[in-house]
Amino acid sequence: MRVMVGVKRVVDYAVKVRVAADKKAVDLANVKMSMNPFCEIAVEEAVRLKEAKKATEVIAVSVGPKASAETLRTALAMGADRGIHIMTDIRTDQELGSLSVAKILAKVASEESPDAIILGKQSIDGDFGCTGSMLASLMDVPQCTFAAKIDFDASTVERETDTGTEIVKFPGLPAVFTADLRLNEPRYATLPNIMKAKKKKIDTKSIEDLGVELSEGNEVLEVFEPPPREAGILVDDVDGLVDKLKNEASVI
Amino acid sequence: MMNRCLHLPRLLSRSSTRTIRYSNNYTNNYTKQYTKPHSKAYTNGTEGEWSPSKVNRLVASFKKIAASSGEPSISAAVLSPDLTSSSSPSELDKYTKCWRGKWGVNGIKGKGNIVLRPSTTEAVRRIVKFCNEENIKIVPQGGNTGLVGAGVPEGYDEVVLSTTRLNSEISLDESTSVITLSSGVILSDAITKCSELGYIYPVDIGSKGTCNVGGNISSNAGGIYYNRFGSIKENLVGLEVVTGKGDVLNMGGCEMRKNSAGMDLKQVFVGGEGAFGIVTKVMMRVWRKPKTREVAVLEAKGWSEVQSICERVEERMGGLVSALEVMDRGVLELVEEKIGAAGLGWVGGTGYYVLVETMGFDEERDRETVERFLEGIIEEGIVEDGVLAKGEEEVEAIWGVRESCGVAVNRAGGSWKYDVSLKLRDWEEVGKMVEDRVRGMGGKLVIWGHLGDRNVHLNVVREEKDGGEGNDITQTLEPWIYEEIVKRGGSVSAEHGIGQCKGDLMEGLIVGETGMEYLRGIKQIFDPNEILNGGRKKTFR
């Protein structure tokens, strides 16, 4: 089995984002960027398949600017075998829509013909969560989204739902899977593997090279911060608290 | 997603404000045992519990002082036991007890009957004046997170003066890169304020969620950024202090970092542990916040590899390094056992783990420097394995582990802490000598600390505390260990201070007889009636 994983470079989850001066985007200047956490889970799952000798090759694919090569390098350091970088200067957090990304990935998949494609369930910048499903539709293969556990021998996926998990059977490969939080815990990149990753190959292509026609993305009207929370007050004693709860909040 | 990383620093601050209920009955038995002989000047220091009527009278006076200095909340400014009811003392415990359960008259808790929490310098001044008139001893205290009991009351007849409500001012002047803080500002609030404006506060320590910036000055705290941004002495721009006499001493007129106009009086208060005055305002130099951060953990088989890593880091990355820390396998096992395994995904081999953090301003170049460095030490065969954090989440998890070392050790049962600085080549030898001494008693040596500034936390742990003849680790190690460290040109207290812990070393090992004479002279000038930190007798004996 050959596995393809998608990895996206996004603003690090720990960074407090700021709105850019023109209010049309999040400010990316001098902001720490990292691999989308759900993509990390997808890479981990693929690498574990390889370690269990179920997968023969793991191919990491990223769509994004020049620096996305670094994100691919991280995937290679985690254990992916090679990388494909679809280079574009279109902002991937808001301008390049899910459908366009799905089209690009579908084209790459048609060239690489992987048996399984594992993506993150969503990226933490755009937060759309559509790419996996769109990709499966474009490829006309089964989709198993929000995966908490994938069993390739039994062709089943335990998937997260609003009320717990459900186990579904998929008809077979090829198929698209999207990784949820509980699927696994990604490993650290070890120094020997970081060194090895430097020697692994990354192919760089443009969207034009692929011959993909992009769909129109969303138009951003305005980006703004959520309203700030009002400051709390300190009460002097229990009586003061009871008084406020009774007379101001009317909750007791 | 956000929940995956366990926020260990938060656990840490919670544990340092924990409260333990105690009964008042067994204290007198222990008083004698733990009270050492002291000079005439301090005969009132620990003996003689105040009568309820005296406590009531003092509480009334302090409430009057609070009211006349415009305190918005008298009940918050003056905490006292309710002598007529059986109400729980837990609110007072936060200020009167040692979180380590180590210092205070009976070894479990401090004793102050009254806790004062003024919110203005004027209130502090009036309190000190009053205490001079009435001969009441004051124990100045910050967040009560200290490790040597410097802010824990020793006697019944001391009042605790906590800076925790002195927190109104927190302002950063970008034209001078200086932040002005009321002394009771919580360190993490200062750090956050700086961070929001694109700066970094030069002090960052494990107890940042609870400790006060004024307490940091008085204890001359170190921490993880000492290596990069320097000591408190180097970063201190100004101070406001209420002296033991009750004078407000403003040493912050010059707002500039560079200032050689005469003797630097404020430095006397750095590490002063409140013996000369109570810090009420702090002006510190802040640094531009770097834009990039890389954290790697390197596995070192033995101490000689740790030394080599340290040398290579300094030689090849120099000023880019913001922290250089070491932990041994033993302390990490304790973290795993006592705190939890979250964030420990990088622990594999044996020996030591060296944490290297860099901070810079150019992502591509810095990453390249770090990777070239890592490549180099792997090629040299110094390091075989280790990890490089992929993003901030892993950075936080790794630091979470590092910052929980102290707490994990405290939960081990008995722990004996030696916060020392030593030349690199001496660490292993002294460690071995300690191991040989405690092995027969079930003690285990664990080491972690600030490799970059050669400050190692040399700790012995075992399940039981000191117990009886032949089974007393303190007696086995002290004073031998201090003498050994001084002999090797090290410091017997690199970042924790003297407090109730090491006062008896001052004359013999630290400043000498003549030095003590001068220190006593300084004490006389600032605090002639010996009101402040009266309990710290040993220092000025």
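Visitor: Which helix is Lys233(B) found in?

Guide: Helix α10 of chain B, residues 232-235. Keep in mind that this is a predicted model.

Visitor: Is Lys233(B) buried, exposed or partly exposed?

Guide: Partly exposed, because 13 other C-beta atoms lie within 10 Å. The cut-off for exposed is 12 or fewer, and buried needs 20 or more.

Visitor: What is Lys233(B) in contact with, leaving aside neighbours within four places in sequence?

Guide: Gln267(B) and Val270(B).

Visitor: And how far is Lys233(B) from Met284(B) in space?

Guide: 9.6 Å, C-alpha to C-alpha. In sequence the two are 51 residues apart.

Visitor: Switching to chain A. How many helices and strands are there in chain A?

Guide: Seven helices and twelve strands. The C-alpha atoms of chain A fill a box of roughly 70 × 45 × 40 Å along the principal axes.

Visitor: What share of chain A is made up of buried residues?

Guide: 39% of its 252 residues. As for contacts in chain A with a separation of 6 or more, 72% join residues 24 or more positions apart.

Visitor: Which domain does UniProt list for chain A?

Guide: An unreviewed UniProt entry lists "domain: Electron transfer flavoprotein alpha/beta-subunit N-terminal" for residues 23-214 of chain A. Over residues 23-214, chain A is 33% helix and 29% strand. The end C-alpha atoms of that stretch are 25 Å apart.

Visitor: Now the contact between the chains. How many residues does it take from each?

Guide: 21 from chain A and 21 from chain B. On the side of chain A that touches chain B, the elements giving two or more residues are β3 (33-35), β11 and α5.

Visitor: Which of these gives the most?

Guide: α5(A), with four residues. The residues on that side of chain A divide into twelve nonpolar, four polar and five charged.

Visitor: Stay with α5(A). Which of its residues are buried?

Guide: Leu191(A), Ile194(A) and Ala197(A). They cover an arc of only 115 degrees around the axis, so they sit on the same side of α5(A).

Visitor: Why would residues with that kind of spacing point the same way?

Guide: An α-helix has 3.6 residues a turn, so residues three or four places apart point the same way.

Visitor: What do the buried residues of α5(A) pack against?

Guide: Elements of both chains: α2 (68-78) and β11 of chain A, plus α13 (363-379) and β15 (386-388) of chain B.

Visitor: How do β11(A) and β15(B) pair?

Guide: In the antiparallel sense, over two bridges. Ala189(A) stands opposite Leu388(B) there. Both strands belong to an open sheet of eight strands, in the order β11(A)-β15(B)-β12(B)-β14(B)-β13(B)-β17(B)-β18(B)-β16(B).

Visitor: Which strands stand at the edges?

Guide: β11 (189-190) of chain A and β16 (414-421) of chain B. Each has a single partner strand, so one side of each is left without a neighbour in the sheet.

Visitor: What about β13 and β14 of chain B: how many bridges?

Guide: Seven, in the antiparallel sense. Asp328(B) has Tyr352(B) in β14(B) as its bridge partner.

Visitor: Last topic, the largest nonpolar core. Which residues touch the most other members?

Guide: Val5(A), Val43(A), Ala60(A), Ala80(A), Val331(B) and Val354(B), out of 184 residues. Not counting residues up to four places away in sequence, Val354(B) touches Leu298(B), Ala300(B), Val306(B), Ile309(B), Val326(B) and Leu451(B). Another core, of five residues, lies apart from the largest one and includes Val148(B), Ala150(B), Ile498(B) and Cys501(B).

Methods
Residues numbered from 1 in each chain as written. Chains lettered and ligands numbered in written order. Predicted model: local features only at pLDDT ≥ 70, side-chain atom pairs only at ≥ 80, totals over all residues. Pairing = 2+ DSSP bridges. Arc of directions from axis to C-beta. Contact = placed C-beta atoms within 7 Å. Core = buried A, V, L, I, M, F, W, Y, C linked by C-beta atoms within 7 Å. UniProt positions renumbered as here; feature names shortened; annotations may be inferred. Nonpolar A, V, L, I, M, F, W, Y, C, P; charged D, E, K, R; others polar.
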